[in-house]
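Here is a walk through one structure, taken a few helices and a few odd backbone spots at a time. Have the viewer open as you read.

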Amino acid sequence: MPISKIHARQVWDSRGNPTVEVDVTTEQGVFRAAVPSGASTGIHEAVELRDGDKTKYGGKGVHKAVANVNDLIAPALIKAALDIKDQAAIDDFLIKLDGTANKGKLGANAILGVSMAVAKAAAALKGVPLYQHFAELAGIQPPYILPCPCFNVINGGSHAGNALAFQEFMILPVGATDFNEAMQMGTETYHMLKKLINKKYGIDATNVGDEGGFAPNVSGAEESLEILTEAIKAAGYAGKVKIALDVASSEFYKDGKYDLDFKNPKSDPSKWLTGVELAALYTSFTEKYDIISIEDPFDQDDWEAWTHLTKTTAIQIVGDDLTVTNPARIETAIQKKACNGLLLKVNQIGTITESIKASQLAQSDGWGVMVSHRSGETEDTTIADLVVALGVGQIKTGAPCRSERVAKYNALIRIDDEIKSAGGTTRYAGNLGFSVGPTAAPLSKK
């Protein structure tokens, strides 16, 4: 069934910034996708095309990307009359139409909006849910696996105005028996954390950030880990709820060292850490606290430090800015043994097909794969379908707070319920999606 119309518009993301929304129309109806946007972005990501007009939206308008969809992509793709069920052909057409290595001509935000909307149209044409269509594209068979949610509950780094260098502290209900219980564990721990923060730091500290987490005025990472551990224990989930970090260390990498006081304009360079020294700090944290995953522990091009930590640790080390969901960067990381986990963000690479390939490549080496939102999100829930389809067992989409975050968790609850109501079965991933040092993630394809 051919596409009869493709139309893009500028809408707003959860941080009040413009983003791209695309409607694809077929005889089945109108299928809509909205594109997310990151705050801390890797330099190797595909290009998010912004207008750059500082007199409007601070230069963050996306009218150029919208025009590229409406004036260039739409007529070309409609004329090509490709089978919309053939996602690889659609995405390859879009990539070639752009003609650059980083989607810099049309914009990854323009291309991804079309790629996602076409996938929704194809699922409707086949008469199947979106997760089933994605699974068939990826060659994944039921039973479907519901992921362990990784809730970002304490914010620092570029996401918060406190002194905390590390960007995210997450709670992971790996000990739950199913996804619903995982949500119960996560939300109860979140509310317990709110009470503890209110008591220790005051009610202002319970205001939430871009992703629904709290940003108390803590002195550093250890203080955050202490109160997080206290909340898990007080909620009754010690041993069942684990901890993960997203350090986003490229944000504080200066002159070959790491400045944990980077928000202070008078930071003392003599206290900046080398990669080896920072690795030792991470190791001390993993020995003291229930940490099972650390994301972006080093700068996106500090390959030596990555390899050192991955070689010496017994947890999952996740590449985000390092790998940017790009198969070429992932292949390099595999060769260098730089990490054992992938953060999968569809807008880092720009198409559904390339996202699936990135996941498959990472899993082929035994990596864990964590499907992720961005700090600037929309009500679009495509990543919920994608994580179930890929069966990777990990999703990061914020705290159980703020509708654009909770929308993904609610979508997963509906998927689980829909499958079971139809007589099918699902499995909850628990800790099976996580790699453990040199040991491959049980859900990987290695």
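Are α2 and α3 roughly parallel or roughly antiparallel to each other? They are roughly antiparallel, where angles over 145 degrees count as roughly antiparallel, under 35 as roughly parallel, 65 to 115 as roughly perpendicular and the rest as oblique.

Before going on, a word on the ground rules: this is a predicted model, in which local features need pLDDT of at least 70 and side-chain atom pairs count only at pLDDT 80 or more, while totals for chains, interfaces and linings use all residues. Residues are numbered from 1 along each chain as its sequence is written, and side-chain values use heavy atoms, with hydrogens and water left out. Helices (H or I, at least four residues) and strands (E, at least two) are DSSP runs, numbered from the N terminus.

**The α2/α3 pair**

Back to that pair. The packing angle of α2 and α3 is about 165°, and their axes are 10 Å apart. Axes here are lines fitted to C-alpha atoms, for helices over the stretch in contact, and angles run from 0 to 180 degrees between N-to-C directions. The crossing of α2 and α3 is right-handed, that is, the near helix is turned clockwise from the far one by less than a right angle (anticlockwise would be left-handed).

On the α2 side you'll find Gln87, Ile90, Asp91, Leu94 and Asp98, which meet Ile111, Val114, Ser115, Val118 and Ala119 of α3. Contact means heavy atoms within 4.5 Å. Sorted by class, this contact of α2 with α3 has six nonpolar, two polar and two charged residues. For the classes, Ala, Val, Leu, Ile, Met, Phe, Trp, Tyr, Cys and Pro count as nonpolar, Asp, Glu, Lys and Arg as charged, and the others, Gly among them, as polar.

As for α3 itself, 16 of its 19 residues are buried, so call it mostly covered; buried means under 20% relative accessible area, exposed over 50%, and partly exposed in between (1.4 Å probe, protein chains only). Just after α3, Gly127 has a positive phi of about 75°.

His133 sits in helix α4 and is buried, at a relative accessible area of 0%. Its contacts, leaving aside neighbours within four places in sequence, are Lys85, Gln87, Ala119, Ala122, Ala123, Lys126 and Val128.

**The α7/α8 pair**

Further along, helix α7 (residues 275–288) and helix α8 (residues 303–312) have axes that come within 9 Å and cross at roughly 30°. That makes α7 roughly parallel to α8. The crossing of α7 and α8 is right-handed. Gly275, Val276, Ala279, Tyr282 and Thr283 of α7 make the contact with Ala305, His308 and Leu309 of α8. Those residues split into five nonpolar, three polar and no charged.

**Helix lengths**

Now a quick sanity check on two helices, using an expected span of 1.5 Å times one less than the number of residues.

| Helix | Residues | Expected span | End C-alpha distance |
|---|---|---|---|
| α3 (108–126) | 19 residues | 27 Å | 27 Å |
| α11 (352–364) | 13 residues | 18 Å | 18 Å |

For α3, the expected and modelled values agree, and for α11 they agree too. Ten of the 13 residues of α11 are buried, so the rest of the structure largely encloses this helix. Among those buried residues are Ile352, Glu354, Ile356, Leu361 and Gln363. Gly366, just after α11, takes a positive phi of about 85°.

**Backbone oddities**

Where does Lys103 lie? Lys103 is in the loop between α2 (87–98) and α3. Its phi is near 60°, a positive value in a residue other than glycine, and Lys103 is buried with a relative accessible area of 4%.

Thr325, in the loop between β12 (316–319) and α9 (327–336), also has a positive phi for a residue other than glycine, near 55°. Thr325 is buried, with a relative accessible area of 0%.

Pro142 and Pro143 are joined by a cis peptide bond, with omega about 5°. Pro143 lies in the loop between α4 (130–138) and β4 (144–146).

**Out on the surface**

Gln335 belongs to helix α9 and is exposed, at 59% relative accessible area. From Gln335 to Asp365 is 30 residues in sequence and 10.0 Å in space, C-alpha to C-alpha. Arg414, in helix α13 (residues 403–421), counts as exposed at 54% relative accessibility.
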